[in-house]
Amino acid sequence: MFDPVTLQLNVDPLILSALKEDITNEDVSTNSVMPKAQAGEADLICKEDGIICGLQIFERVFALMDEKTEVETYVQDGDLVVKGQLMAKVRGDIRVLLCGERTALNYLQRMSGIATYTHSVASLLEGTKTKLLDTRKTTPNNRIFEKYSVRIGGGNNHRLNLSDGVMLKDNHIGAAGGVKEAVTMAREYAPFVRKIEVEVENLDMVKEAVEAGADIIMLDNMSHEMMRQAIEYIDGRAQVEISGNVTKENIARLTDLGVDFISSGALTHSAPILDISLKNLHRL
């Protein structure tokens, strides 16, 4: 759930931008068939099974257009919904319902799709100590929605943005001149409350990261055997994250390694939408 401050400062401007993208000066179609205000009602119906997410954002789209719009929901974020299920009724000025329909559904379908896909991946880690993480591979200007959806689906958030933590990737290491140099420089510069994570690609880099005192070591695109050797060498001296083309189809092969985290960009960049419709619009 987005708190009121987050809504006003961070969410509302993004929704308004999306509405402005869809309506430059008027909705010609709506104004053609509905020249005057008229109360109406429509049904929000799920067209396939999944995890619903984004109801608050769906409602906020209409509220920003007309605060008198009412959304009566019968489910809540995180619920399993099934094909044909009536999830909500939307009441208000028909012109508002028609103008805001596509934007509201775009958010709801996208967020529910991510929650659904994340849930299917997270279920494969049940019974292990490993936490499923997302990445920064998000749609520009939609990260706040997409990372929220990951949490609703049962995943966990990695960094929100570049200000949120220290992660030294291959190009940072190259710029610094090596793993040890990069960790040392980050330790001197970053606030003491920040953990330092290092991305490594081979066993030599693993050893450098451990010796440099990295808090988290990310094993990136390594073979299964190399990851096993790396974990044995780290031996609890740092937390371990696995990353690199992790999807629902291949994550099960990683569960036997017993790492702290597995991150997957696919949670946000490859999740299909959940099919949802606003139907049965009629006058009241």
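User: Leaving aside its neighbours within four places in sequence, which residues is His 269 in contact with?

Analyst: Happy to start there, and keep in mind that this is a predicted model. His 269 belongs to helix H10, which covers residues 266-269. Once neighbours within four places in sequence are set aside, the residues in contact with His 269 are Arg 110 and Lys 137.

User: Is His 269 buried, partly exposed or exposed?

Analyst: The number to look at is its relative accessibility, 47%. Buried needs a value under 20% and exposed a value over 50%. His 269 has 47%, so it counts as partly exposed.

User: What separates the C-alpha atoms of His 269 and Ile 114?

Analyst: Along the chain, these two are 155 residues apart. In space, the separation of their C-alpha atoms is 8.8 Å.

User: With which side chain does the side chain of His 269 make a polar contact?

Analyst: We are still in helix H10, where His 269 lies. The distance of this polar contact is 2.6 Å, and the partner is the side chain of Ser 270.

User: Ile 114 came up a moment ago. Which side chain has a polar atom 2.8 Å from the backbone oxygen of Ile 114?

Analyst: Look in helix H4 for this one, since the residue lies there. A polar atom of its side chain is 2.8 Å from the backbone oxygen of Ile 114, and the residue is Thr 118.

User: Is Thr 118 buried or exposed?

Analyst: Thr 118 has contacts beyond its neighbours within four places in sequence, among them Leu 132, Val 150 and Leu 267. Three glycines are in contact with Thr 118 too: Gly 153, Gly 154 and Gly 155. Its relative accessibility is 0%, and a value under 20% is what buried means. Thr 118 therefore counts as buried.

User: How do helix H1 and helix H4 cross: parallel, antiparallel, perpendicular or oblique?

Analyst: Two packed helices are described by the angle between their axes and the distance between the axes. The axes of H1 (residues 4-22) and H4 (residues 94-122) come within 10 Å and cross at roughly 130 degrees. That angle makes H1, relative to H4, oblique.

User: Which residues of H4 meet H1?

Analyst: The crossing of these two helices is right-handed. By class, their contact has six nonpolar, one polar and two charged residues. From H1 come Leu 14, Ile 15, Ala 18, Leu 19 and Asp 22, and they meet, in H4, Cys 99, Arg 102, Thr 103 and Tyr 107.

User: What about helix H3 and H4: are they roughly parallel or roughly antiparallel?

Analyst: H3 spans residues 55-65, and its axis comes within 8 Å of that of H4. The two axes cross at roughly 160 degrees. Since angles over 145 degrees count that way, H3 is, relative to H4, roughly antiparallel.

User: How many nonpolar residues are in the contact of H3 with H4?

Analyst: On the H3 side, the contact includes Phe 58, Val 61 and Phe 62. On the H4 side, Leu 97, Ala 104 and Leu 108 are among the residues that take part. Two residues of this contact are polar and one is charged, while the number of nonpolar ones is 14.

User: Which residues is Thr 30 in contact with, leaving aside its neighbours within four places in sequence?

Analyst: Thr 30 sits in helix H2, residues 28-33. Its relative accessibility is 4%, so Thr 30 counts as buried. Its contacts, with those neighbours left aside, are Arg 95, Leu 98 and Cys 99.

User: What is the phi of Asn 221?

Analyst: Most residues other than glycine have a negative phi. Asn 221 lies in the loop between strand S9 (216-220) and helix H9 (224-234). With a relative accessibility of 49%, Asn 221 counts as partly exposed. Although Asn 221 is not a glycine, its phi is positive, at about 55 degrees.

User: And where does Asn 280, with its positive phi, have its place?

Analyst: Phi of Asn 280 is near 60 degrees, in a residue other than glycine. Asn 280 is partly exposed, with a relative accessible area of 46%. Its place is in residues 276-283, that is, strand S12.

User: To finish, what share of the chain's residues is buried?

Analyst: The chain has 10 helices and 12 strands. Its C-alpha atoms fill a box of roughly 70 × 35 × 25 Å, taken along the principal axes. Of the 284 residues in the chain, the buried share is 46%.

Note on methods
Residues are numbered from 1 along each chain as its sequence is written. This is a predicted model: local features need pLDDT of at least 70, side-chain atom pairs count only at pLDDT 80 or more; totals for chains, interfaces and linings use all residues. Side-chain values use heavy atoms; hydrogens and water are left out. Helices (H or I, at least four residues) and strands (E, at least two) are DSSP runs, numbered from the N terminus. Buried means under 20% relative accessible area, exposed over 50%, partly exposed in between (1.4 Å probe, protein chains only). Contact means heavy atoms within 4.5 Å. A polar contact is a pair of N or O atoms within 3.5 Å; within protein, one must be able to donate a hydrogen and the other to accept it, and residues adjacent in sequence count only if both atoms are side-chain atoms. Axes are lines fitted to C-alpha atoms, for helices over the stretch in contact, and angles run from 0 to 180 degrees between N-to-C directions. Angles under 35 degrees count as roughly parallel, over 145 as roughly antiparallel, 65 to 115 as roughly perpendicular and the rest as oblique. A crossing is left-handed if the near helix is turned anticlockwise from the far one by less than a right angle, and right-handed if clockwise. Ala, Val, Leu, Ile, Met, Phe, Trp, Tyr, Cys and Pro count as nonpolar, Asp, Glu, Lys and Arg as charged, and the others, Gly among them, as polar.
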